[in-house]
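Please find below a short note on the empty space in this model. It deals with one cavity and one pocket.

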Amino acid sequence: MVVQQWRLRTCYCIPWRNFQGLCSRRIHFFLAGTLGILGGFSTAFNSRAYNLNTEEAENLAKRQTGVLIIKLAEGQKMPQPSKNSTDKMVYNIDAASPDFHVQNAGNLASLTEKKFPFIGEVGLSAILVKLEGNAMSSPTYAADSSVRVIYVAKGSGRIQIVGINGASVLDTELKAGHLCVVPRFFVASTIADGEGLEYLITATQPLFGEFTGETSVWGALSPQVLQASLNLTPEFEQVFRAKIKKSTILVPPQD
């Protein structure tokens, strides 16, 4: 259970409480405003609970006429965030050194509990993918079977998502501001347009299974199993396996 509040320049978000883990969906209630709990209780109850007289109790419950986001009065200021809290709860992943870089393709930076303890406390991880123009992020899946959420920060491109039965479930354009959800066990791949593409992936853990490169799931199969699974000739199986080892998760544009 946590109390949340945030600011938008001259606006302020009324505090509200989240309850997680009580059921399969998020539940919250507002502490203040026209949807706040104070207005639901009678003046007599509020007066007795907060040790106020009748006029004070009515003023407490009804003075705020805003709902969720309210505009601050002229000259009214909110306290500045504590630097100590900011350092513990804010991480500049955009400025972090990439964990993976491919020339002419882009880079990938992951954020885990080891680098940023707070993100582990909320049960998340993050990966920032920066693709150069016409580069590709090859197909991946969440190795821990978690749901992935993709937010496009810059640029544009295309995403394809394949479901567990081998069916294409999404083939669409991506633009800055788009939010895309990749269900568990689904495989996703992106290609940037000429201007490039930057997006952030959040998941439980940054553990992604790859279909290309040294850690490819195809490469882990024996030649006989791979041949039988894809109905390949021994000669083409060797070609395919060699191509896999030379590829990477980030693919430069084709010549």
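The points below take the cavity, then the pocket, of what is a predicted model.

1. Enclosed space. One cavity of 30 Å³ or more is present in the structure. The largest cavity holds about 130 Å³ of space, and 15 residues line it. Closest to the centre of this cavity are Ser 137, Thr 140, Arg 148, Tyr 199 and Ile 201.

2. Elements around the cavity. Two or more lining residues come from each of strand S9 (125-131), strand S10 (136-142), strand S11 (148-162) and strand S14 (187-203). The greatest contribution is that of S14, which gives five residues to the lining.

3. Character of the cavity lining. Nine residues that line the largest cavity are nonpolar, five are polar and one is charged. Arg counts as charged, and Arg 148 is among the residues closest to the cavity centre; the one charged residue of the lining is therefore Arg 148.

4. Open space. The second largest pocket has a volume of about 230 Å³. Its lining is made up of 14 residues, of which Phe 100, Leu 108, Phe 208, Glu 210 and Ile 249 are closest to the pocket centre.

5. Elements and character of the pocket lining. Strand S8 (106-111) contributes at least two residues to the lining of the second largest pocket, as does strand S15 (208-210). By class, seven residues of this lining are nonpolar, four are polar and three are charged. Which residues should one inspect at the centre of the pocket? Phe 100, Leu 108, Phe 208, Glu 210 and Ile 249 are the closest to that point.

Conventions. Residues are numbered from 1 along each chain as its sequence is written. This is a predicted model: local features need pLDDT of at least 70, side-chain atom pairs count only at pLDDT 80 or more; totals for chains, interfaces and linings use all residues. Side-chain values use heavy atoms; hydrogens and water are left out. On a 1 Å grid over the protein atoms alone, a cavity is a set of points where a 1.4 Å probe fits but cannot get out, and a pocket is an open set with protein on both sides within 12 Å along at least five of seven lines; lining residues have an atom within 4 Å of a point. Grid points are joined across faces, edges and corners, and a volume is the space filled by probe spheres set on the points. Helices (H or I, at least four residues) and strands (E, at least two) are DSSP runs, numbered from the N terminus.
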